[in-house]
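Welcome! Take a moment to look over the sequence and the 3D view, and then we can walk through a few places together.

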Amino acid sequence: FYLLPFRAWEFAAGAWLATVDLTGNKRLASCRFANGFAALGVVLLGSALVITYPVSVVVLRSLAVLGSMALIAAPRSVLNRYGLGAKPGVVIGRYSYSWYLWHWPPLAAMNLLGIDLGSMTRIGFLIGTFAIAMISYALVEQPFRRSRPASLPSMRCYGAVLGAVVIPLGVIDLSGGLSRLASPALREADG
C-alpha cells in the first residue's frame, strides 16, 4: 500500500484541492462553512484513527485523506486559525515530514519483528524521533534547501550525521541484530 502507485489517488486528491479556488465562492469562504468543514475533517480523521479492523485499510486511508482535505479546504475555520495555526501546531507541521521519515522505519522494523512497545515506551519513542527530526531538519534538510556547493565543514557535518546513523546500525548487526528482540514465534519461523 505504501508504494507510489497505490498512493497515487492520495496525491491526485491533494493536487485537485490545490487547483480548486475555494476562496472565490462566498459560501465556501464563510467562517461558518469553514468551521463546519473543519469539524467534518476532525470527524473523518478521528474515525480513521479509532476504527479497528476488519474494516479495510483502503476505507481507513480514505477517511484520513478526506478528513485532511476538509481541514485544508477550511483555512478560515477556528480550528485551523487558533488550533493548527497556533505555535505548537506550526512547530509540529514544520517538522512533520522529517518526523514521518524518522519514525516509520524503526516502527515498521519493530512491527515486523513482533516487538510490542508499551504505552510509555511509545510516547518516549515518538518524542525521541521528533527530536531526531528537528535535528535532521536543521542539519540536513535546510542546508540542502539553501544549497550552494557543499563546503568542507558541511561535508564533515553530513559525514558525522551519516556516521551517527550507520555506526549504531553496525553495532546492532554485530551484536546479533534486532532479531534477538523478536518474539519467540518469529525467531522460530525465521529458523
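## A pair on one helix

R145 and E141 both sit in helix 7 (residues 119–145), 4 residues apart, which is about one turn of the helix. An α-helix has 3.6 residues a turn, so residues three or four places apart point the same way. The side chains of R145 and E141 meet in a salt bridge, with 3.4 Å from N to O. The count for the model comes to 1 salt bridge.

Are the two partners buried or exposed? R145 counts as exposed because its relative accessibility is 57%, over the 50% cut-off. E141 counts as buried because its relative accessibility is 19%, under the 20% cut-off.

## The whole protein

Now for a wider view. This is a predicted model, and the protein in it has 9 helices and 0 strands. Read from the N terminus, the elements run α-α-α-α-α-α-α-α-α.

Of the 191 residues in the protein, 19% are buried. The accessible surface of the protein comes to about 13400 Å², and 70% of that surface belongs to carbon and sulfur atoms. Among contacts with a separation of 6 or more, 60% are between residues 24 or more positions apart.

## Two helices with kinks

Helix 1 and helix 6 are good places to pause. Helix 1 covers residues 4–19, and helix 6 covers residues 87–113.

| Helix | Residue count | End-to-end C-alpha distance | Expected span | Kink |
|---|---|---|---|---|
| Helix 1 | 16 residues | 21 Å | 22 Å | about 25°, centred on E10 |
| Helix 6 | 27 residues | 37 Å | 39 Å | about 55°, centred on S96 |

How far should helix 1 span at 1.5 Å a residue? Its 16 residues should span 22 Å, and the end C-alpha atoms are 21 Å apart, so the two values agree. Helix 6 reaches 37 Å from its first C-alpha to its last, close to the 39 Å expected.

In helix 1, the buried residues are E10, A13 and L17. E10 is also the residue on which the kink of helix 1 is centred. The cover over the buried residues of helix 1 includes helix 4 (57–72).

In helix 6, the buried residues are Y95, S98, H103, M110 and L113. After helix 6 comes G114, which has a positive phi, near 75°.

## A closer look at H103

H103 belongs to helix 6. With a relative accessible area of 16%, H103 is buried, since the cut-off is under 20%. Which residues does H103 touch, not counting those up to four places away in sequence? They are F125 and T129. In addition, a polar atom of the H103 side chain lies 3.2 Å from the backbone oxygen of Y100.

## A buried loop residue

Our last stop is in a loop. S77 is found between helix 4 and helix 5 (78–84). S77 counts as buried because its relative accessibility is 0%. Which residues are in contact with S77, leaving aside its neighbours within four places in sequence? A34, N35 and A38 are in contact with S77.

Key:
Residues numbered from 1 in each chain as written. Predicted model: local features only at pLDDT ≥ 70, side-chain atom pairs only at ≥ 80, totals over all residues. Heavy atoms only, no water. Helix = DSSP H or I, 4+ residues; strand = E, 2+ residues; numbered from the N terminus. Buried < 20%, exposed > 50% of the residue type's maximum accessible area, 1.4 Å probe, protein only. Contact = heavy atoms within 4.5 Å. Areas by Shrake-Rupley, 256 points an atom, 1.4 Å probe, with all protein chains shown as cover. Salt bridge = Lys/Arg side-chain N within 4 Å of Asp/Glu carboxyl O. Expected span 1.5 Å × (residues − 1). Bend = angle between axes of the 7 residues up to and from the residue. Polar contact = N/O pair within 3.5 Å; in protein donor to acceptor, adjacent residues only side chain to side chain.
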